[in-house]
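Work through the exercises below with the sequence and the model side by side. Each task is followed by a solution in steps.

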2 protein chains.
Amino acid sequence: MSSNSLPALIDALRRLPGVGQKSASRMAYHLLQHDREGAQLLAQALQQAASRMRHCSQCHTFTEDEVCDTCRNPQRDASKLCVVETPADQAALERTGAFRGLYFVLMGKLSPLDGIGPKDIGLSRLFERATDGRVQEVIVATNFTAEGEATAHVIGEALKARGLKVTRLARGVPAGSELEYVDLGTIAHALVDRR
Amino acid sequence: MSSNSLPALIDALRRLPGVGQKSASRMAYHLLQHDREGAQLLAQALQQAASRMRHCSQCHTFTEDEVCDTCRNPQRDASKLCVVETPADQAALERTGAFRGLYFVLMGKLSPLDGIGPKDIGLSRLFERATDGRVQEVIVATNFTAEGEATAHVIGEALKARGLKVTRLARGVPAGSELEYVDLGTIAHALVDRR
């Protein structure tokens, strides 16, 4: 048994999304040749995150605590709940500084073709969270893809039936863009939603 | 101090070559949400490789032993030594099955612009290895880039001065290609090196 920790490392790196055989080899050689400290650091970070990270009991995002920082913040407006697909989407919204309410992170989206139904993304947990008596408006901020739109539709119908106000992020022409170069679907939506 | 193992993981992933902020976030979220087993596995593989891997005392490639499998193989022809830049290049040559000699892996290339000189890639170790009395021909298989060619030139001159036969991989038209689509430099080289 000799020199088998290199192929094992390459195989393990291939489990990362978007990393194939060649990238994994390049990463492994780079770490071994130029950055052993980085390799040790990454190993520790992986172990710590994998053992400590769990889901916020309120918004379901990743946190090390029972309830995440955002949900614990008394400055946030508990009457508005924004539904996003991933923590990355939540981070994008936070960077705008334009939303002071709370979040619910689905950690996925409905995708019947991949066999992902309402149970897999915990929609019942969202419905429970949204009907806590304090939430008055649910802003559905799933992505504007086919699957994101379908998810938004299902969530919207279910929450409206529970008597909540449900809104969706506006669709329209992106800031800084010229009409000539915007796709037709976007322009059509912007026309319909004109204000 | 709360939920800081996620940013730590993202920072650690960014040390991988070709991974920026967005890819690192995507990797971290993927591992935490869908593949905690993969995260643990990668952490172990990193630690094992970083602690066990060292350089073969003969060819300088990565191995867990004093001497690597290839150098220990008595079936290989010790009179031919092939010089490559990286273990990945060595693997590409091995896959052809066309070379039965031994290797020397530079683990880099001369690159004056980046301040990488003969000492950094251990050329003196190569000269020692090539003049062991058994090596009769050194095949320089560095890449056909500006830096690879410069490295080949320096190695070739130094080894010829030591009385060794030095050859270079042939330059020419790649297999399966049509002349119309081959770049002019390649065709010119193929003309000069015609046989």
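The exercises treat the interface of two chains, their symmetry and two record annotations, all on a predicted model.

**Exercise 1. Determine how many residues of chain B and chain A are in contact, and how much area the two chains bury.**

Step 1. Count the residues on each side: 48 residues of chain B are in contact with 48 residues of chain A.
Step 2. Take the area: about 4,700 Å² is buried between chain B and chain A, and carbon and sulfur atoms account for 64% of it.
Step 3. Find the leading contributors in chain B: B:Arg15, B:Pro17 and B:Leu46 lose the most area to chain A, and together they make up 14% of what that side buries.

**Exercise 2. Describe the polar side of the interface, and state which elements and residue classes of chain B touch chain A.**

Step 1. Apply the salt-bridge cut-off, a Lys or Arg side-chain nitrogen within 4 Å of an Asp or Glu carboxyl oxygen. The count between the chains is two salt bridges. One of the pairs that meet this rule is A:Asp35 with B:Arg15, at 3.0 Å from N to O.
Step 2. Look for polar contacts: eight residue pairs across the interface qualify, with both residues at pLDDT 80 or more.
Step 3. Assign the surface to elements. In chain B, α1 (5–13), α2 (21–34), α3 (36–52), β1 (54–55), β2 (62–63), α4 (69–72) and α5 (87–96) each supply at least two residues to the side that touches chain A. The largest share, 15 residues, comes from α3(B).
Step 4. Sort this side of chain B by class: 25 residues are nonpolar, twelve are polar and eleven are charged.

**Exercise 3. Which operation lays chain B on chain A?**

Step 1. Recall the general case: a rotation about an axis and a shift along it relate two copies of a chain.
Step 2. Insert the values: a turn of 180 degrees and a shift of 0.0 Å along the axis superpose chain B on chain A with an RMSD of 0.1 Å.
Step 3. Name the relation: it is that of a two-fold axis.
Step 4. Locate the axis: among the residues of chain B, B:Ala43 comes closest to it, with its C-alpha at 2.0 Å.
Step 5. Compare the surfaces: the same surface serves both copies, as 100% of the contact residues of chain B recur in chain A.

**Exercise 4. Place the UniProt features on chain A and give their secondary structure.**

Step 1. The unreviewed UniProt entry places "zinc finger region: C4-type" at residues 56–71 of chain A. Residues 56–71 are 19% helix and 12% strand, with the end C-alpha atoms 8 Å apart.
Step 2. "Domain: Toprim" is placed by UniProt, in an unreviewed entry, at residues 79–174 of chain A. Residues 79–174 are 35% helix and 20% strand, and their end C-alpha atoms are 28 Å apart.

Key:
Residues are numbered from 1 along each chain as its sequence is written. Chains are lettered from A and ligands numbered from 1 in the order in which they are written. This is a predicted model: local features need pLDDT of at least 70, side-chain atom pairs count only at pLDDT 80 or more; totals for chains, interfaces and linings use all residues. Side-chain values use heavy atoms; hydrogens and water are left out. Contact means heavy atoms within 4.5 Å. Buried area is the accessible area (1.4 Å probe) that two parts lose on being put together, summed over both. A polar contact is a pair of N or O atoms within 3.5 Å; within protein, one must be able to donate a hydrogen and the other to accept it, and residues adjacent in sequence count only if both atoms are side-chain atoms. Helices (H or I, at least four residues) and strands (E, at least two) are DSSP runs, numbered from the N terminus. Ala, Val, Leu, Ile, Met, Phe, Trp, Tyr, Cys and Pro count as nonpolar, Asp, Glu, Lys and Arg as charged, and the others, Gly among them, as polar. Copies are superposed by least squares on the C-alpha atoms of residues with pLDDT of at least 70 in both. UniProt positions are given in the numbering used here, feature names are shortened, and annotations may be inferred rather than shown by experiment.
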